[in-house]
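Trainee: I would be grateful for a close look at one part of this protein, namely the strand pairing and what is attached to it. Please take me through it in a connected way.

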Amino acid sequence: MKKQLIVIGLSTIIGLSGCGNDDASQESNSNQTNQEQTNHSDHSNHSEMNHSSSGEVPEGLKEAENPTFPVGSTAILETDHMEGMKGAEAEIVGAYDTTVYTVSYTPTTGGEKVTNHKWVIHEEVKEAGDTPFQPGDEVTLEADHMEGMMDAKATIDTAQQATVYMVDYTPTTGGENVTNHKWVTGDELSAK
């Protein structure tokens, strides 16, 4: 009888310690996943983004002469800068030829660094001259697409010559129309 109680007792202890390890392991994995999500701040996190704008464009920005998507035409958004954007029908309200950048910066309002933000155009950079910036260049932003972006110090991640579009669209998730959204590139649009 004593032997049976010892075996049952040991079995219970082993079983419980195994469950405890599984719970601790699951909790540790859950905490690690939550921490990774908290630490990850890139261009897909646009909860602070100003979806609509006044439609004003920076001084010196040149209208595109022969854009793939002319002003007044419609296209389908193939990008997910913000929730409800991908798959939405957009009206082209502006088309401009410029250099577009992805940038990384720390918001002037504090918070985590934003990495690979799409898009800032050449004319929205304080130090902009005639020559485009190169990846790795340090600049000061004059864009206000997101809270804390204006006057933020940024690093140019990528640079490319492109036609950028300002668009109006209704999010696929519902809600108010977005007007004069800045910016999408031609490869983020498809013909309707």
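Mentor: Let us begin with strand E2, residues 74-77, which is joined to strand E3 by 3 bridges, the two strands running antiparallel. Within this pairing, Ala75 has Ala90 of E3 as its bridge partner. E2 is also joined to E8, again by 3 bridges and in an antiparallel arrangement. Here Ile76 stands opposite Ser190 in E8. E2 is thus bridged to E3 and to E8. Please keep in mind throughout that this is a predicted model.

The next step is a side-chain link that involves E3 and the segment after E8. Glu89 and Lys192 form a salt bridge through their side chains, with an N to O distance of 3.3 Å. Glu89 belongs to strand E3 (residues 89-105), while Lys192 is in the segment after strand E8 (189-191), so the salt bridge ties together parts that lie 103 residues apart in sequence. The two partners may also be described by their accessibility. Glu89 counts as partly exposed because its relative accessibility is 41%, whereas Lys192 is exposed, with a relative accessible area of 62%.

Further along E3 we come to Thr98, which is found in that strand. Is Thr98 buried or exposed? Thr98 is buried, since its relative accessible area is 6% and the cut-off for burial is under 20%. The side chain of Thr98 makes a polar contact of 2.6 Å with the side chain of Glu123. Leaving aside residues up to four places away in sequence, Thr98 touches Leu61, Ile121, His122, Glu123, Gln160, Gln161, Ala162 and Val164. Glu123 therefore appears both as the polar partner of Thr98 and in the list of residues that Thr98 touches, where "therefore" rests on the contact cut-off of heavy atoms within 4.5 Å.

From there we may turn to the second salt bridge, for the count comes to 2 in this protein. Lys126 pairs with Asp151, and their closest N and O atoms are 3.6 Å apart. Lys126 lies in the loop between strand E4 (114-121) and strand E5 (138-140), and Asp151 in the loop between E5 and strand E6 (153-169), so this pair ties together parts that are 25 residues apart in sequence. Lys126 counts as partly exposed, at 46% relative accessibility. Asp151 is partly exposed as well, at 43%.

Asp151 deserves a second look for its backbone. Although it is not a glycine, Asp151 has a positive phi of about 70°. The loop between E5 and E6 is where this residue lies. Asn180 also has a positive phi, near 55°, and is a residue other than glycine. The place of Asn180 is in strand E7, and Asn180 is buried, with a relative accessible area of 18%.

Two peptide bonds should be noted alongside these phi values. Lys118 and Trp119 are joined by a cis peptide bond, with omega at about -5°, and Trp119 is found in strand E4. A cis peptide bond also joins Lys182 and Trp183, where omega is about -5°. Trp183 is found in strand E7, which covers residues 178-185. Strand E7 accordingly holds both Asn180 and Trp183.

Finally, the part you asked about may be placed in the whole. The secondary structure of the protein comes to 1 helix and 8 strands, and along the sequence the pattern reads α-β-β-β-β-β-β-β-β. Of its 192 residues, 37% count as buried. When contacts between residues at least 6 apart in sequence are considered, 63% of them join residues at least 24 apart. The salt bridge between Glu89 and Lys192 illustrates a link across the sequence, tying parts that are 103 residues apart. As for the surface, the protein exposes about 11,100 Å², and carbon and sulfur atoms supply 48% of that area.

How values were computed: Residues numbered from 1 in each chain as written. Predicted model: local features only at pLDDT ≥ 70, side-chain atom pairs only at ≥ 80, totals over all residues. Heavy atoms only, no water. Helix = DSSP H or I, 4+ residues; strand = E, 2+ residues; numbered from the N terminus. Buried < 20%, exposed > 50% of the residue type's maximum accessible area, 1.4 Å probe, protein only. Areas by Shrake-Rupley, 256 points an atom, 1.4 Å probe, with all protein chains shown as cover. Salt bridge = Lys/Arg side-chain N within 4 Å of Asp/Glu carboxyl O. Polar contact = N/O pair within 3.5 Å; in protein donor to acceptor, adjacent residues only side chain to side chain. Pairing = 2+ DSSP bridges.
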